[in-house]
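Let's take a walk through this one together, starting from a single strand and working outwards. Have the sequence and the model open beside you.

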Amino acid sequence: MCRQVFGFRLAMIAVAAPAALLNAAPGLGVRLVGAAVVATFMVSYVLFRDWERFGPLLLRHPSLLAADTALGSLLLVSAGPDTTLAYVSVCTPLLAGLVYSWRGAACFASLQSLILLLVHAVLKADRHAPVAEALLLPGLCVIAGAMGSTLRNLLLRFGAATQALTAAQARLAATEAVSAERARLAREMHDSVAKTLYGVALAADGLAATASADVPDPVRTRQQAELVARSARRAAAESRELLTDLRREHPGTPEETPVWHQLRSVVTTFTERTGLPVSFRCPDPATLPTLPVPLTRHLLAIAAEALENAHRHASANHVEVTVTLDGGLLRLTIHDDGTGLPPGTTLDQLRLRGHFGLLGMVERAARSGARIRVGRGGHARGTEVRLELPLPTTPERGP
């Protein structure tokens, strides 16, 4: 705003400078008025162009504005109170109010009003001008000073409110980031380490039962011990992978990877580990697009969680995993013939009971921009998990 005031002064001085030079006395008077024109013009130009650099100097030294007021009064005496320089003088109290608050506004408004009254009294002494005409510009100076001080207070309050809002937004963003990271860690631990450790516990229970039999089977004992060892190594590998992901400077690299072979591997590993038969139907992988790494991880985690739920909670005898491509929409369907979800089941109920698998699936689908449905679907019994993922569009390459 101060810069705009100096821009207005710059234009008015350029317009009124010829009148000031023509009315000046020959010789020394012309030289003084010319120097005043150059000085006031250059000061206004410099502050208009580089206010951020020279504005603090004017703020620290009010005497500079007083010197500028003295030069302006010299031009005003030469040009007369009827020229545009008289209106330029109103800018001084406005600037003082903006820069020096109400004390500076009162001081410079009084000084500029006195100068205007003296100029009017000296140059129009032979005329009987109305009192209202003589008091018009001094009154405008007082009003301009009050406006400058009021605008300064409003701008300072607005700046303080903006700073407080920025700080609140930063704290909110930090809180949301921490909450999102906690939810991500909970999903990763639930979908990887927690499941593997649960498998280790089951394998250890089986090993203990075999070893405590009346006639232990050495072959079965060795197999179960190897299963415990493999599960423990897998848990350690998943923990290292999770720690590596946390330490990575740029997690979630945008490279693309073929997910379909990994999905088939998840199904095969699940069948070997649980003995639950799973049929996997997928189009030719060559016709399917590749997905970015974050989408791949979410899709595999959702599929693994749906399979685990079918084994642990649904008492299913068979699971079907189907992948279809419908235009730009990828559809992953996992259906089991188990008992299905109890009627009226909600995410809040599952969270309170300590079951976070379905919640993690919904969160992963939301972060992937996909839509997930959990229910019976079009089947008479069981549970169907249907994930519909819009495929990311790739820009067309020119010839």
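**Starting from β7**

Start with β7, which is mostly covered: six of its eight residues are buried. Keep in mind that you're looking at a predicted model.

So what does β7 pair with? One partner is strand β5, residues 329–336, which runs antiparallel to β7 and shares eight bridges with it. If you'd like a spot to anchor your view, find Ile-334 and look across to Val-385, its bridge partner in β7. Another partner is strand β6, residues 371–375, again antiparallel to β7, this time with five bridges. Here the pair to look for is Arg-373, which stands opposite Arg-386 of β7.

Now zoom in on Glu-384, another residue of strand β7. Is Glu-384 buried or exposed? Its relative accessible area is 7%, and the cut-off for buried is under 20%, so Glu-384 counts as buried. As for its surroundings, set aside the neighbours within four places in sequence and look at what Glu-384 touches. Its contacts include Thr-333, Ile-334 and His-335, and also Arg-373, Val-374 and Gly-375. Arg-376, Gly-377 and His-379 complete the list.

Next, let's look for empty space. Rolling a probe the size of a water molecule over the atoms shows where such space is left. In this structure, that turns up two cavities of 30 Å³ or more. The one to visit here is the second largest, with a volume of about 50 Å³. Its lining takes in Leu-295, His-298, Leu-299 and Ile-302, along with Ala-365, Ser-368 and Ala-370, plus Leu-387 and Leu-389. The elements giving two or more residues to this lining are α10 (293–312), α12 (357–368) and our strand β7 (383–390). Which element gives the largest share of the lining? That's α10, with four residues. Sorted by class, the lining of this second largest cavity has seven nonpolar residues, two polar ones and no charged ones.

Finally, step back to the protein chain as a whole. Its secondary structure comes to twelve helices and seven strands. Of its 399 residues, 37% count as buried. The chain exposes about 23200 Å², with carbon and sulfur atoms supplying 63% of that area. And if you take the contacts with a separation of 6 or more, 72% of them are between residues 24 or more positions apart.

Note on methods. Residues numbered from 1 in each chain as written. Predicted model: local features only at pLDDT ≥ 70, side-chain atom pairs only at ≥ 80, totals over all residues. Heavy atoms only, no water. 1 Å grid on protein atoms, 1.4 Å probe; cavity = no way out; pocket = protein on both sides within 12 Å on 5 of 7 lines; lining within 4 Å. Points joined across faces, edges and corners; volume = space filled by probe spheres on them. Nonpolar A, V, L, I, M, F, W, Y, C, P; charged D, E, K, R; others polar. Buried < 20%, exposed > 50% of the residue type's maximum accessible area, 1.4 Å probe, protein only. Contact = heavy atoms within 4.5 Å. Areas by Shrake-Rupley, 256 points an atom, 1.4 Å probe, with all protein chains shown as cover. Pairing = 2+ DSSP bridges.
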